[in-house]
Amino acid sequence: MSDPMRVRAAENGGIVDVKILMKHDMESGQRKDAAGKVIPAWHITTINMKANGKDVLNGQFGPAVSKDPFLNFKYKGAKGDKIVVNWVDNKGDKRTDEATAS
Amino acid sequence: MQRKFTLGLTLGILAASISLSSLVFAQTATDEIAKYREMIADGNPSELYEVAGEDLWKTPAGPKNATLEKCDLGLGPGVVKGAAAQLPRYFKDTNKVQDLESRLMTCMQKLQGRNPQEMVDAPFQKGPKKDMEAIVAYVVTLSKGDKIKVSTNHPKEKEMYELGKRAFYFQGGPMDFSCASCHGEDGKRIRLQDLPNLTTQKGAALGWGYWPAYRVSSGQFWTMQQRLNDCYRQQRFPFPIYASDLTIALSMYMAKNANGGTVETPGLKR
Amino acid sequence: MKIMNIKSLLVIGVFALVSVATQSSVIAQQANDPKFNKMMKDGFRAEGIAGLDRIQQDETQKFCSDPVFAGSVKGQAMREKIQKINMDSIKQPSDGKYIGDWKKGEAIAQSGRGATWTDKADTPIGGGCYNCHQIDKKEISYGTIGPTLWNYGKLRGNSQELIVYTWNRINNSKAYNACSNMPRFAHFKLLNEQQIQDLMALLLDPASPVNQ
Amino acid sequence: MNQQRRSVLKYSAVFGLMASAGLISLAQAQEWNKAAFEGKGLDDVFKILGAGSPDKSAAITLNAPDIAENGAVVPVGITTTLKADQMAILVEKNPSALAAQFFIPAGTESFVTTRIKMGQTSNVYALVKADGKWSMAVKEVKVTLGGCGG
């Protein structure tokens, strides 16, 4: 089960500033466990962001994105916009969270 | 023998003069680190733990299937706001000085019927400790911006402070380290990390005021108990027992020294 | 004798900025406190290679855990005694060789690993030198608890006295300053003779990057 | 779909199924660019992205610290006055150079900030595709060893 994201969106002068924190281990595939075995890579692969149903950003992550990923972007929008963030990882786990632009 | 000392003196003066010339360079590196910290300050992953912690606080759990909402953290049952800024403190019902985590264990035991030993024995970041960490993130966030205000009026509080002070200077292990080896002087660093002088108000506020924190090097949220645990690991000491009087005494020493400083928790650390 | 004492005090002062200055009032060594002892005893458990013997203090550790007394005038006799114990424990290199390989020395200086409860008994222990000292200027991540060692040999030459002094200091810094913050690398077998020779080379070999 | 079956299926199959089930939009169904993320060196990734050998552009700003206190979290931001429709962050000395890629629809600013891992001191590349052409900005980020552990 994936943990909730933290999505914040603030409108200023017609621009909505969106900040997202995702809870994900983003295992790099480079680390070894205590027994010396490589811990397989486990990371978010794609992330989609919509405002009022329309794409505002699409991202693709490799294992080199930091643990508990942070993402900040801006789009032309308005207060009250409904923002939906959606990620999928390489094990097929996924998570959707929402926020309203303030 | 005498020559050795004379030589030592010369070397010492030389060393002192060289360190001046390297100061400029060191300053640049420190400024850059400050910039780095500023860049990551917005978007502290502690928030993710805080959300989970609020959920755990309000969800019935344990053998008694109860929430923690009636937990008394010192300001009365159910008062969370500002409570962490005044811990550790003496609690009448347990007749003990408790820090946040030992107090939360009391609440989990009394309200939810959980066995505190399970919490003590659990490894950090796993099982019951994982829940504890999230709950701590939730509780300390509700003191953010408050002034640190820890009392030593009760004789047991005063005693705990003195014991903590003594523990702070206690040297041991194969490297002769005490807490004071690294945190007893102003303006020192390990590698590029500034070391707050925890014996002063200013330094203690910088240390105590920013923990618990999310640590970027481990990608984990660390409670004060885990912070102390890793200090002792690095000191090459044996393993400090979770929520032992030793750990509470050290917290009491730091917290009281930090009085008047601002709670900046949860912090974001290297 | 008197002159030597003054000088030795100066050495302590310059090298370690020991806390002598601030202490003045009536001072006696800390009393034994059963409550404190119990707290320490109940506060730790053995884990991995880190046994409870690690909180059994030796004379040096006990003395230095009371910095008010250790830094006081009254503590001076004890301070000298402790320095002597530590000085007497230092062994000069068994093969007569002081200078090893600076490249290996740099690696030892970089590593701060080993001897914690998450390490194994055979985990190589680093010197951790950069934690506290500037050494090769190219390494910008260095600590400031100890003095800079940049250009150590270039500025000081390579007289036999300097070599022996440096050897002693790395082996057991408490021989010169009872409560130096520097670990006693030979005393606690943190570094072996060869590793110390390699660190010596890092500081003193004219070819070492430290002396460029 | 149970866990076992899911892990056996290829990404494309998963996305295909999900897309056909109407679970996600077409844009996201765009398959994760496995080849690009597994490309080793810079040139590999440039080639896979179709970027050729991009020119440096003063119109692109790569916002990253000179020194990172920890390689596990290095903040990296890209802004450009160009009208970007794709951006990518590459780290020359990472085992796989490509860290992240972004697709920017009209109405979204040519700006993105995230955090990446760096194994060692390296050049970081900000790639921008605008008007069908790739260009870039480069900056060295020093990764320092920290703490007592070395």
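Guide: pLDDT is the predictor's confidence in each residue, on a scale from 0 to 100. This is a predicted model, in which local features need pLDDT of at least 70 and side-chain atom pairs count only at pLDDT 80 or more, while totals for chains, interfaces and linings use all residues. Residues are numbered from 1 along each chain as its sequence is written, and chains are lettered from A and ligands numbered from 1 in the order in which they are written.

Visitor: What pLDDT does chain C average?
Guide: In chain C, 87% of the residues score at least 70. Residues 9-25 of chain C, however, stay under 50, although the model has 29 contacts for them beyond four places in sequence, a contact being two residues whose C-beta atoms, placed from the backbone, lie within 7 Å. The average pLDDT for chain C is 90.

Visitor: How many strands does chain A have?
Guide: Helices (H or I, at least four residues) and strands (E, at least two) are DSSP runs numbered from the N terminus. Chain A has zero helices, and from the N terminus on its elements run β-β-β-β-β-β-β. The number of strands in chain A is seven.

Visitor: Which residue in β7(A) is the bridge partner of A:V88?
Guide: Strand β6 (residues 82-89) and strand β7 (residues 94-100) of chain A run antiparallel and are joined by seven bridges, where DSSP must find at least two bridges for strands to count as paired. The two strands form a hairpin with four residues between them, and A:G92 in the turn has a positive phi of about 90°. In β7(A), the partner of A:V88 is A:K94.

Visitor: In the open sheet of six strands, what is the order?
Guide: The pairing in this sheet is antiparallel, and its edge strands, each pairing on one side only, are β1 (6-12) of chain A and β2 (60-63) of chain D. Neighbouring strands are turned by 15° against each other on average, direction ignored. The order is β1(A)-β2(A)-β5(A)-β7(D)-β4(D)-β2(D).

Visitor: Which residue in β7(D) does A:F73 stand opposite?
Guide: Strand β5 (residues 70-76) of chain A and strand β7 (residues 108-116) of chain D run antiparallel and are joined by four bridges. Opposite A:F73 stands D:V112.

Visitor: What share of the residues in chain D is buried?
Guide: Chain D has five helices and nine strands, with the helices written before the strands in the run α-α-α-α-α-β-β-β-β-β-β-β-β-β. A residue is buried if 20 or more other C-beta atoms lie within 10 Å of its own, exposed if 12 or fewer, and partly exposed in between, with C-beta atoms placed from the backbone. Of the 150 residues in chain D, the buried share is 47%.

Visitor: Why does α7(B) count as roughly perpendicular to α11(B)?
Guide: Angles of 65 to 115 degrees count as roughly perpendicular, those under 35 as roughly parallel, those over 145 as roughly antiparallel and the rest as oblique. Axes are lines fitted to C-alpha atoms, for helices over the stretch in contact, with angles from 0 to 180 degrees between N-to-C directions. Helix α7 (residues 155-168) and helix α11 (residues 245-257) of chain B have axes 7 Å apart. Their roughly perpendicular packing therefore follows from an angle of about 95°.

Visitor: How many nonpolar residues does the contact of α6(C) with α10(C) have?
Guide: The axes of helix α6 (residues 102-110) and helix α10 (residues 193-204) of chain C come within 7 Å and cross at roughly 100°. Among the residues that meet are C:W102 and C:I108 in α6(C) and C:L199 and C:L202 in α10(C). Ala, Val, Leu, Ile, Met, Phe, Trp, Tyr, Cys and Pro count as nonpolar, Asp, Glu, Lys and Arg as charged, and the others, Gly among them, as polar. Beside two polar and three charged residues, the number of nonpolar ones is six.
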